[in-house]
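User: Could you walk me through this structure, step by step?

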Amino acid sequence: MGDYQVAGVQQDALGAVQLELGGNPNALALRRPFDPLAHDLEASFRLTRFADLKGRGCKVPQEVLNKLVEGLQQDYNSASEHEHAHFMHMAIPRIGIGLDCSVTPLRHGGLCLVQTTDFFYPLVDDPYMMGKIACANVLSDLYAMGVTECDNMLMLLGVSTKMTEKERDVVIPLIMRGFKDSALEAGTTVTGGQTVVNPWCTIGGVATTVCQPNEYIVPDNAVVGDVLVLTKPLGTQVAVNAHQWLDQPERWNRIKLVVSEEDVRKAYHRAMDSMARLNRIASRLMHKYNAHGATDITGFGLLGHAQTLASHQKNEVSFVIHNLPVIAKMAAVAKACGNMFQLLQGHSAETSGGLLICLPREQAAAYCKDIEKQEGYQAWIIGIVEKGNRTARIIDKPRVIEVPAKE
């Protein structure tokens, strides 16, 4: 599956990419927003429609997944005991099920293999940005473990059977181009993968690194007195849903009293920008400021991932979250929708979200200052690590920090 030729995709479909990039494939900064009409598609074309099929994308509930993982973990522990003598001289632990990456000791020279995989369904209507977001999302698991270099990526694509030939020939090359450009930005390359036809569209991949033990940070060293830092705002799911509702009067009527169309468009672009941004600098600075562990915030929401991270700590600690940085106006939208998102309860799904990092109290402010200086984007101290029984919670009335759209 070397060159990613999907049967029937025309070679000149790459012209779609050239059109999108203003004729210059390197002029990413000048890129136009995706316009279906410019590609001879119907004005009503929406990529997110190919995720909106019955039964798609239902994430396995976290408690069910934890049960399934326990069974795998037992098998894994048995295998680890069997291998213990073989790897003992390397002093490299096997790390796996339940964490962001698997870390496997290799037979050669004290090195280890770090791997992760992920895929999902279209959640924005711009195919190029969708590709970038998917790639950033895959890489994020490496970054959560402090691994800043990725040696290789594979791309996994499901092409929807509901797409017309024309839609496919326009959309798929753009998704692939976005994915590859994001990989390039991360200093890695896409060398293969798999493309299939599928009832709905899926996009994702695999990221692999071979590294030494000092290149990753095992996320189990939080101590009482640490603070919790979050590197991207919450509310991506609310923003992309609100944007889809602009076309759906019955849904729009539920939220139009708390938000304007302009607010929604700004929030949507802020969300796209945030999801496509790599967590690489955030990861690099974890080493500089002596982070005690991290995870990335994705499908189980802030609280779900905070609880998973807390459960893996060696010390008897718990996480308490006081502040919720949210894309501007999205807290009000979530509130207007009742229990649909549960954003302020920490359950709203995020895609390609920020890193949640345990940092020594005296280093946290410097970390936030440094990341803003390097990236031009804020990070926030959102909570503390206290003595406890490896759980996480959000206080009853957390402070919502409104994060404005970047102009």
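**Overall make-up**

Analyst: Happy to! The chain folds into 11 helices and 11 strands, and please keep in mind that this is a predicted model.

User: What share of the 407 residues of the chain counts as buried?

Analyst: A residue is taken as buried when its relative accessible area is under 20%. Applied to the 407 residues of the chain, that rule gives a buried share of 53%.

User: And how much of the accessible surface belongs to carbon and sulfur atoms?

Analyst: The accessible surface of the chain comes to about 18,500 Å². The part that belongs to carbon and sulfur atoms is 52%.

User: Among contacts between residues at least 6 apart in sequence, what percentage joins residues at least 24 apart?

Analyst: A contact here means heavy atoms within 4.5 Å. Among the chain's contacts between residues at least 6 apart in sequence, the percentage joining residues at least 24 apart is 82%.

**The five-stranded sheet**

User: In what order do the strands of the open five-stranded sheet stand?

Analyst: Let's build it from β3 (residues 152–160). That strand pairs with β5 (residues 202–211) in the antiparallel sense over seven bridges, and with β4 (residues 190–198) in the parallel sense over eight bridges. The open sheet has mixed pairing, and its order is β1-β2-β5-β3-β4.

User: Which strands stand at the edges, and why is one side of each left without a neighbour in the sheet?

Analyst: Each edge strand has a single partner strand, so one side of it is left without a neighbour in the sheet. Neighbouring strands here are turned by 15° against each other on average, direction ignored. The edge strands are β1 (102–105) and β4.

User: Which residues are the bridge partners of M155?

Analyst: M155 has a bridge partner in β5, namely G205. It has another in β4. The partners are therefore G205 in β5 and, in β4, G193.

User: Which residue of β5 stands opposite N152?

Analyst: This is another position where β5 pairs with β3 in the antiparallel sense. The residue of β5 opposite N152 is T208.

User: What is the handedness of the β-α-β unit made by β3, α4 and β4?

Analyst: Helix α4 (residues 165–185) joins β3 and β4 in this unit, and those two strands pair in the parallel sense. The β-α-β unit they make is right-handed.

User: At what angle does α3 run to β2?

Analyst: Helix α3 (residues 127–144) lies across β2 (112–120), β3 and β5. For α4, which also packs on the sheet and touches β3, β4 and β5, the direction makes about 160° with that of β3. The angle of α3 to β2 is about 145°.

**Around β10**

User: Which residues of β10 stand opposite V227 and F319?

Analyst: Strand β10 (residues 380–387) pairs with β6 (residues 227–230) in the antiparallel sense over four bridges. Five bridges join β10 to β8 (residues 317–327), and these strands also run antiparallel. Opposite V227 stands I384, and opposite F319 stands V385.

**Helices and aromatic rings**

User: How many residues of α5 are buried, and which elements do they pack against?

Analyst: Helix α5 (residues 236–245) is mostly covered; its buried residues include V238, H243 and W245. They pack against α6 (249–255), α7 (261–276), β8 and α10 (330–336). The buried count is eight of 10.

User: Is D370 buried or exposed?

Analyst: D370 sits in helix α11 (residues 361–375). Not counting residues up to four places away in sequence, D370 touches L285, K288 and Y289. Its relative accessibility is 9%, so D370 counts as buried.

User: What kind of aromatic pair do F45 and F50 form?

Analyst: There are five aromatic pairs in the count. For F45 and F50, the rings are 5.9 Å apart centre to centre, with 40° between the planes. Both residues are buried, and ring pairs link them with F34 into a cluster. The F45–F50 pair is tilted.

User: How far apart in sequence are the parts that Y289 and Y367 tie together?

Analyst: Y289 and Y367 form an edge-to-face pair, at 6.0 Å centre to centre and 75° between the planes. Both are buried. Y289 lies in the loop between α8 (280–288) and β7 (293–296), and Y367 in helix α11, so the pair ties together parts whose separation in sequence is 78 residues.

How values were computed. Residues are numbered from 1 along each chain as its sequence is written. This is a predicted model: local features need pLDDT of at least 70, side-chain atom pairs count only at pLDDT 80 or more; totals for chains, interfaces and linings use all residues. Side-chain values use heavy atoms; hydrogens and water are left out. Buried means under 20% relative accessible area, exposed over 50%, partly exposed in between (1.4 Å probe, protein chains only). Accessible areas come from the Shrake-Rupley method with a 1.4 Å probe; for residues, only the protein chains shown count as cover. Two strands pair if DSSP finds at least two bridges between them. A crossover is right-handed if, with the strands pointing away from the viewer, the path from the first strand over the helix to the second runs clockwise. Axes are lines fitted to C-alpha atoms, for helices over the stretch in contact, and angles run from 0 to 180 degrees between N-to-C directions. Rings of Phe, Tyr and Trp (its six-membered ring) pair if their centres lie within 6.5 Å; planes under 30 degrees apart count as stacked, over 60 as edge-to-face and the rest as tilted.
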